[in-house]
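Grab a viewer and a coffee, and let's work through a few exercises together. Try each task yourself before you read the solution.

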Amino acid sequence: MKGSDVSAVSTHNDEHASSTGYSNNKVAMWAFLGSECLFFGAFISSYLLYKNRAGPAATEPYPKDLFDIPFTSVTSFILLVSSLSMVLALSAIQKNDPRRMRVWLVCTAALGMLFVACQVFEFTEFLREGMSPASSVAATAFYILTGIHGAHVTIGVLMLLGQAGASLVDERRGAPWTAARSEGVEIFGLYWHFVDIVWIIIFTVIYLIK
Amino acid sequence: MAASSIQAPSRALLRRPKATTGALSWFTTVDHKKLGILYIVTAAVFMGIGGLEAILIRLQLATPDGTILTASQYNQAFTMHGTTMVFLVVMPLAAGFGNYLMPLQIGARDVAFPRINALGYWAFLTGGLFLYSSIFLGGMASGGWFGYAPLSTGDNLAASALAGTPFVGSGQTFWALGLIFTGLGSLVGAINFIVTIVNMRAPGMRLMRMPVFTWMITVISFLLLFAMPVITVALIEMFVDRQYGTSFFTTANGGDPLLWQHLFWIFGHPEVYILILPGMGIVSEILPTAARKPLFGYSFVVFSGVAIGFMGWGVWAHHMFATGLGPVAVTAFSLSTMFIAVPTGVKIFNWIATLWGGAIKFTVPMMFSIAFIGLFVVGGLSGVTHAFAAHDRQQTDTYYIVAHFHYVLFGGGMMAFIGGAYFYFPKMFGRMLNERVGKLNFWLMFIGTNLTFGPMHILGLEGQPRRTYTYPEGLNWEHWNLVATIGSLILALSFVVFLGNWIWSIGMKKGEIAGDDPWDGRTLEWSISSPPPEYNFAVVPQVENRDDFWHRKYTEDENGFLVRRISGGADDGATKSAPTTTLEKRDLGDAGDGPHDGDDQGDHGGHGDGHGIHLPNPSYHPLVLALGLPFIGWGLINHWGLLIPGAIFVFWGVVGWMLEPASE
Amino acid sequence: MLVAGCSSNDNGQNALKPKGKYAEKADNLWEISFWIAAAVGVLVFLMLIVAMIKFRHRPGNENPKQVHGNTAMEIGWTIAPAILLAILSVPSVKTIFELADDPASNAVHVRVVGHQYWWEYQYLDSEPTDDNVPTVLFATANELVIPTERDIALYVTSIDVIHSFWIPSLAGKQDAVPGREVRMLMAADEPGRYLGQCGELCGLSHANMRAVALAYDEAEYQAWVEGQMAPPVVPTGLATEGQAVFTELGCAGCHGADGFDGERFGPNLTHVASRDLYAGAIFDFAWGTPEGAAQLKAWIANAPGEKPGATMKEYSGALTASQLDALVAYLESLT
Ligand code: HEA
Ligand code: HEA
Ligand code: CUA
Ligand SMILES: [Cu+2]
């Protein structure tokens, strides 16, 4: 009865014993994203329940009457492309090239910011057209769902910039990042791709399906 | 998850706290054992508060037309009683015992994320204090512990001279935000537990060798992981409804009050299993120890726990049988609810089979455990009678339901935790609790429970609705209500005895010195000293068996009878007694030189005496971050200006955290 | 512990004492579930107690046989409860559908509207369906009057928060959810007075939101309906003054007193003197008695003072004693 299924495996970038071979940080991120699925799931369900509802008092338009599909398709595309540049950032650091990594990280963050800016623009358009967050429950559900998603993108942008900055500072101090540091980038990448996928779901379920 | 590794301590925002002992160390500790004790002690204080509210409720109801509380005070009392007991007592007790024991049971030196672990505790504490700050700021929530909308989204404060003054009428908003904050703590705590269990088991500690308590902690961590976001969404929607006049849960603008109920109970039913499974885990540790027999059907006990965890997601609408879901939906939820009795029954039968043929020592923890089985079965069976949906429409919102859930929560959950407290007290503090006083405590509590909650079955079926601050004479409810009130006073007395026992043992230092293994225990936590050293295991154990420590002490003869190994002994610390051949010294001494990748582990190798074991250092930042939460709450409710200190604390906490290496 | 089997408490609000066929259906289910649960409970306790006595620690048995499990037994105690529950689910599901059946064609249709903190009953001329908006014949409050031996179809809804309509001896609860109208059925075998109470926390006076169902035999019921359909009595004497005060003070803004003219904030008072209980059935009008008049005056002057959180306007100072006398006389005339 020698214990064998678990051993002190050490992966290349993990100094600690880990029963699964995946680092703690990565497992934690996966767990967190699992939790996030239900978080967004509950908001999406609220929206689906309410998308055609307004009270007797509400005269303002429904979100679905205002959607500008071509515009939102472009912003969705922007977010998709940012996932690609995130992949490139990871592959750069895996090839021991922290400079290229920083370029791609900043690029990813910029695309993310562009997406958020487009969302802000979309919101102001909707407000101008008379759909305030409290005008109907459909509008509230729409704003809170897309707004919370936008907040996730914003946090992601901050984390990406923080990572690029940290890498720069370390380099100045004479300790440039190597492939050994790639796991951190990979983990933030997981988050970024997740937020991206959630948007694809939101876009399909909310904008495309009538 | 910190962004990056930084070796240079000069960048830290707060001086690295050094002390690991003394009063201050409790504020900065990242040691899972200290955090466990903090959780338990804090929960005990909240238990006192929630219990006081319960006593007020009972005194009010002792006679018809009671005048001790006003309607408004009564509604606040039961709302905060339920909320406190569920979110600030039993959940933290689970986190506390989990924190203390789980790493010891899997042979780990620490948890995966010590600072996140600390954040979990501080978010619970500041969230709880924020919730209770409403008592000074215009009144507490009064919409019941499940806060049904639209009562909870409206301003349910009677027209009051104070209307318009800051905070008045915001009790329910405090409730929504406070639960978001404590929920945040539970979520990060759950992630930490999951990663620890997944990744940091000692060599040889396969999943199917893990102690049942650790297994149940695993299950509840996953339940928390998936249930907390749902309640968070519901609470956010409630908050915007209340604060910004939206209408998620009111019909004014097209919302539906039942959405709140669905969201709450999708969380709420898994939640009740979150409350009971740790207790079941504790009992599964105590029974085999006191019966000197291995747990009968270990894998069935484990898998039925997992099955309960899964099935718990498919029954939520049994709280909504009277809302008019339609017969098809009611049938579906009625059936799923009934069948959840099957995995629960498997546990009960396995526990009884564990006792069967054993050599049962009626120690105090064992008495609580056996009472747990009996009382939980009563509560579980009344739960099954609720599942008969057509009759549940008679039972729902009566004292029959109150009886059900106090039997499972108090007779079940609390009894297990009190038993667990007697069982693990010597491990935590090095001294025994007094057995005779413990027996007195047990009998008071057992009798008190049945006197308090037993009559509620009858009252409920005889038509007494819950959440009523008064009832008229002439409905013949007064006798049983009086009995229940007397019972609750006996319960209060039992808690005083319990507290007295603590004081006697460690406050007055009268408790007998426990030694490492006072109960002839089975699992790894008994193999180390009491209280355990900071690093837990001087040598990371190599696990060979389920109940590994037991197998180092005992073996079986050819007929399956227990035989004591010559070298092992109940009184020896494992570091001395464990046969060295089964131990493998892991030398990870040079691991610490590699680059850190952000977060913290204490699992560095060491040498026999614990010297040189690298543990994560204490940190102020979890506390600083959590301190921001109440300010954000007050700011959101009343004044944007208060958001500034909130933001400063959070920013300070986050940045300081990222700049500070987990360990130096 | 679980000794709730039979109850001798005939307090009029006892779910264990069904007085109509729908409550009886639920009660039959209860009988089954209770006795099965009791049997399972006794079985478990017996096993537990036997184990505790038989396998106590005694000198000499410190080292018992180490049994790790037994798959056959595991399968047994998984399957046995499952089969038992499968059998039990048959009557359970049957009852769920029976209670959701359509009512008999001679059913009485009443819309039950929950208010903080009282029940409004709108008697309808027909069944509300997707394409039939029924007419409200008349509206009353607090006391639900029903004929015996007929199906009563109640359409339960609410104008503010969630309440739950419940007359235990006639039927189980139906939540009154704003924005929804859900049908529930009840029936009474015998004429009588059946007590009930709001079943969902609805605010400060949830405890004071009681209800009464009065079951009359058919003839008596028809006479009552006629009385309710009649136009309001034309007041005379002091009551005429009272009627003037009633309009002057704005009572009529919340209370209909001239038949049903749309849902109002307060109870319809057209025939209030035909009722015994008011304010969520916690006070007795006791018409014609000095105590009754004193209580009613106290209520009109300061309703929230008499019943916590009551939403009726507080008049206190604005009312003189003579105005109150006149109001009471007016209300008393509304038979
Ligand atoms: C620790 C918490 C806990 C636990 C474990 C349970 C366990 C169960 N609960 Fe309970 N429940 C609550 C806490 C809990 N509950 C709370 C807090 C509420 C009220 C919320 C509120 O309204 O405020 C509630 C309310 C509640 C309701 C809603 C009632 C209503 O409001 O109308 C229902 C309905 O079905 C229900 C059912 C069950 C069932 C079937 C189980 C089952 O899991 C029980 C299974 C156990 C057994 C059955 C005993 C052992 C089994 C055997 C010995 C096998 C053989 C048995 C048979 C063949 C029957 N519970
Ligand atoms: C785990 C959960 C839990 C626990 C342990 C309890 C414990 C108790 N509960 Fe409660 N209860 C709930 C969960 C719980 N309850 C919930 C969820 C509700 C529903 C709320 C709602 O409707 O919204 C409820 C509702 C509820 C009601 C119904 C109110 C109503 O509907 O109107 C009543 C009435 O009797 C009651 C009574 C009691 C009593 C007498 C105890 C006793 O067991 C308490 C005994 C304890 C003490 C007396 C404490 C004494 C402690 C000390 C002396 C130690 C002090 C220590 C320090 C300071 C360190 N509870
Ligand atoms: Cu209406 Cu409670
Ligand atoms: Cu439940």
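The exercises below go from the ligand sites to the charged side chains, and the model they use is a predicted one.

**Exercise 1. Find what the protein gives to the iron atom of ligand 1, and say which metal ion sits 4.5 Å from that iron.**

Step 1. Start at the iron atom and look for protein donors, using a cut-off of 2.8 Å. A single one turns up: NE2 of B:H404, 2.2 Å away.

Step 2. Place that histidine in the fold. B:H404 belongs to helix α13 of chain B, which covers residues 399-429.

Step 3. Now look for the other metal. The copper ion, ligand 4, is 4.5 Å from the iron atom of ligand 1.

**Exercise 2. Describe the shell around ligand 1: which residues come nearest, and which chains surround it?**

Step 1. Pick out the nearest residues. The shell has 34 residues, and B:W145, B:Y273, B:D392, B:T396 and B:H404 come nearest.

Step 2. Check the chain letters of the whole shell. Ligand 1 is surrounded by residues from chains B and C, so this is a site that the chains share.

Step 3. Go through the polar side chains that face oxygen atoms of the ligand. B:D392 has a side-chain N or O atom 2.8 Å from an oxygen of ligand 1. B:T396 puts a polar side-chain atom 2.8 Å from an oxygen atom of ligand 1, and for B:R466 the distance from a polar side-chain atom to a ligand oxygen is 2.8 Å.

Step 4. Sort the shell by element. Those giving two or more residues are α7 (257-291), α10 (341-355), α11 (364-386) and α13 in chain B, plus α1 (21-54) and α2 (71-99) in chain C. Helix α11 of chain B gives the most, with six residues.

**Exercise 3. Do the same for ligand 2: which residues are closest, and which element gives the largest share of the shell?**

Step 1. List the closest residues. Out of 35 around ligand 2, they are B:Y74, B:H81, B:W145, B:H406 and B:R467.

Step 2. Look at the polar pairs. The side chain of B:Y74 has an N or O atom 2.5 Å from an oxygen of ligand 2. With B:H81, the partner is a nitrogen atom of the ligand, 2.8 Å from a side-chain N or O atom. B:R466 has a polar side-chain atom 3.1 Å from an oxygen atom of ligand 2.

Step 3. Turn to the elements. In chain B, α2 (32-61), α3 (71-105), α13, α14 (435-461) and α15 (478-507) each supply two or more residues to the shell. The largest share comes from α2 of chain B, with nine residues.

Step 4. Compare notes with Exercise 2. B:W145 is listed among the nearest residues for ligand 1 and among the closest for ligand 2.

**Exercise 4. Is A:D196 buried or exposed, and how far away is the nearest side chain of opposite charge?**

Step 1. Locate the residue. A:D196 is in helix α6 of chain A, residues 182-208.

Step 2. Check its surroundings. A:D196 is buried and has no salt bridge. The nearest side chain of opposite charge is that of A:K26, 19 Å away.

Step 3. See what touches it instead. Setting aside neighbours within four places in sequence, A:D196 contacts A:L79, A:L80 and A:S83.

**Exercise 5. How many salt bridges does the whole structure hold, and which parts of chain C do C:E98 and C:K25 link?**

Step 1. Get the total. Over all chains, there are 24 salt bridges.

Step 2. Take C:E98 and C:K25, whose closest N and O atoms are 3.8 Å apart. This pair joins helix α2 to helix α1 of chain C, 73 residues apart. C:E98 is partly exposed at 23% relative accessibility, and C:K25 is partly exposed at 25%.

Step 3. Move on to C:D102 and C:R183, which form a salt bridge at 3.2 Å. C:D102 is in the loop between α2 and β1 (108-115) and C:R183 in strand β8 (residues 182-186), so the pair ties together parts of chain C that are 81 residues apart in sequence. C:D102 is exposed at 61%, whereas C:R183 is partly exposed at 24%.

Step 4. Finish in chain B with a network of salt bridges that links B:R292, B:D517, B:D520, B:K553 and B:R564.

Conventions: Residues are numbered from 1 along each chain as its sequence is written. Chains are lettered from A and ligands numbered from 1 in the order in which they are written. This is a predicted model: local features need pLDDT of at least 70, side-chain atom pairs count only at pLDDT 80 or more; totals for chains, interfaces and linings use all residues. Side-chain values use heavy atoms; hydrogens and water are left out. Donors are N, O and S atoms within 2.8 Å of the metal (3.2 Å for Na, K and Ca); water is not among the atoms, so sites may look incomplete. Helices (H or I, at least four residues) and strands (E, at least two) are DSSP runs, numbered from the N terminus. Buried means under 20% relative accessible area, exposed over 50%, partly exposed in between (1.4 Å probe, protein chains only). Lys and Arg count as positive and Asp and Glu as negative; His and the chain ends are not counted. A salt bridge is a side-chain nitrogen of Lys or Arg within 4 Å of a carboxyl oxygen of Asp or Glu. Contact means heavy atoms within 4.5 Å. A residue is near a molecule or strand if one of its heavy atoms lies within 4 Å of it. A polar contact is a pair of N or O atoms within 3.5 Å; within protein, one must be able to donate a hydrogen and the other to accept it, and residues adjacent in sequence count only if both atoms are side-chain atoms.
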